[in-house]
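User: I am new to this structure and would like to know how the labels used for it are justified. Please go through them one at a time.

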Amino acid sequence: MQGSGYLFLMLPQLRKLYGDHTPELKKAMKTHNQFFNTNPWVNTIIQGIDLAIESKEGAESLETVSGLKTGLMGPLAAIGDSIFASLLPAILGAIAANMAVQGNPFGVVIWLIANLIIMYIRWIQLPLAYREGTTLVTKMQGQLNALTDAATLLGVYVVGALVATLINIQVPFVAHIGKVTVTLQNEIDMILPKLVPGLLVGLIYWLLGRKKMTSTKAIFIVIIVAVVCSALGILGKG
């Protein structure tokens, strides 16, 4: 997956360390072209530690480096996915989008500032990891799981809040019992406000967990259902 990309980024430094057309360079290239997969926002942390070790130990450290890459790519992927791919876009994207819809140009500014900050964080990761070397792994070892769990929990709360604020579905059924008019949506709101949007989102999550169901198929299903519901007057504004 990302093995060839990892090698491409490392190759200029590997040539400086081992020289061109040397057995050590060939061995290092084979090592770094093996399977690698992590979040692209945090991959330079692994590369910085990798370079620090190889700069000190040379080709003899390649087995250690391979194990380090395998051990770190999973935990760092969980952190990167939770924070940079889910949490920040969900929170800041929702805020910026709502402001933009309301005609406030500061929504665009918020989104640009957030992305500039993320780019800066990515920029400083490599030299920081290179300076700290293997000690960074020791420092991070007890904090990776806690940080991942905290980010995941916060992301769940944010998604729940977005469901309640951004999804508005009204049930149009109205019953006339004698002189009494019963609106089904009011009765549902008395049980639990935003119950229908919550159930709909739960159904989508359930669909995503089914075999042969992909996110692309789920998106098309949501679009089709939204069009049908809008035509029937079921989908509310929001």
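User: Where does Met-29 lie, and why is Met-29 called partly exposed?

Analyst: In this predicted model, Met-29 is part of helix α2. Its relative accessibility is 28%. Buried requires under 20% and exposed requires over 50%, so Met-29, at 28%, counts as partly exposed.

User: Which residues is Met-29 in contact with, leaving aside its neighbours within four places in sequence?

Analyst: They are Leu-7 and Leu-11. To count as contacts, heavy atoms must lie within 4.5 Å. A separate value concerns Ser-4, which is 25 residues from Met-29 along the chain: the two C-alpha atoms are separated by 9.4 Å.

User: What makes Tyr-6 and Phe-36 an aromatic pair, and why is the pair called tilted?

Analyst: Their ring centres are 4.7 Å apart, and the limit for a pair is 6.5 Å, so the two rings qualify. The planes make an angle of 55°. Stacked would need under 30 degrees and edge-to-face over 60, so 55° falls in the tilted class. The structure holds one aromatic pair.

User: What does the pair of Tyr-6 and Phe-36 tie together?

Analyst: Tyr-6 belongs to helix α1 (residues 3-18), while Phe-36 sits in the loop between α2 (23-32) and α3 (43-57), so the pair links parts that are 30 residues apart in sequence. Tyr-6 and Phe-36 are both buried.

User: How do you know that Lys-69 lies over the face of Tyr-6?

Analyst: Lys-69 is at 4.0 Å from the ring centre of Tyr-6, and the cut-off for a charge over a ring is 6 Å. A direction limit of 35 degrees from the ring normal applies as well. Lys-69 is listed as lying over the face of Tyr-6.

User: Why is Ile-124 called partly exposed, and which surface patch includes Ile-124?

Analyst: Ile-124, in helix α5 (residues 106-132), has a relative accessible area of 33%. That value is between the 20% and 50% limits, so the residue is partly exposed. Ile-124 helps to make a nonpolar surface patch of about 800 Å². Other residues in the patch include Phe-106, Val-109, Tyr-120 and Trp-123. Patch members need over 30% relative accessible area, so Ile-124, at 33%, meets that condition.

User: What is the chain made of, and how many helices and strands are there?

Analyst: The chain has ten helices and two strands. From the N terminus, their order is α-α-α-α-α-α-α-β-β-α-α-α. Of the 238 residues in the chain, 31% are buried.

Note on methods:
Residues numbered from 1 in each chain as written. Predicted model: local features only at pLDDT ≥ 70, side-chain atom pairs only at ≥ 80, totals over all residues. Heavy atoms only, no water. Helix = DSSP H or I, 4+ residues; strand = E, 2+ residues; numbered from the N terminus. Buried < 20%, exposed > 50% of the residue type's maximum accessible area, 1.4 Å probe, protein only. Phe/Tyr/Trp six-rings, centres within 6.5 Å; stacked < 30°, edge-to-face > 60°. Patch = residues over 30% accessible without salt bridge, like charges linked within 9 Å, V, L, I, M, F, W, Y side chains within 5 Å. Areas by Shrake-Rupley, 256 points an atom, 1.4 Å probe, with all protein chains shown as cover. Salt bridge = Lys/Arg side-chain N within 4 Å of Asp/Glu carboxyl O.
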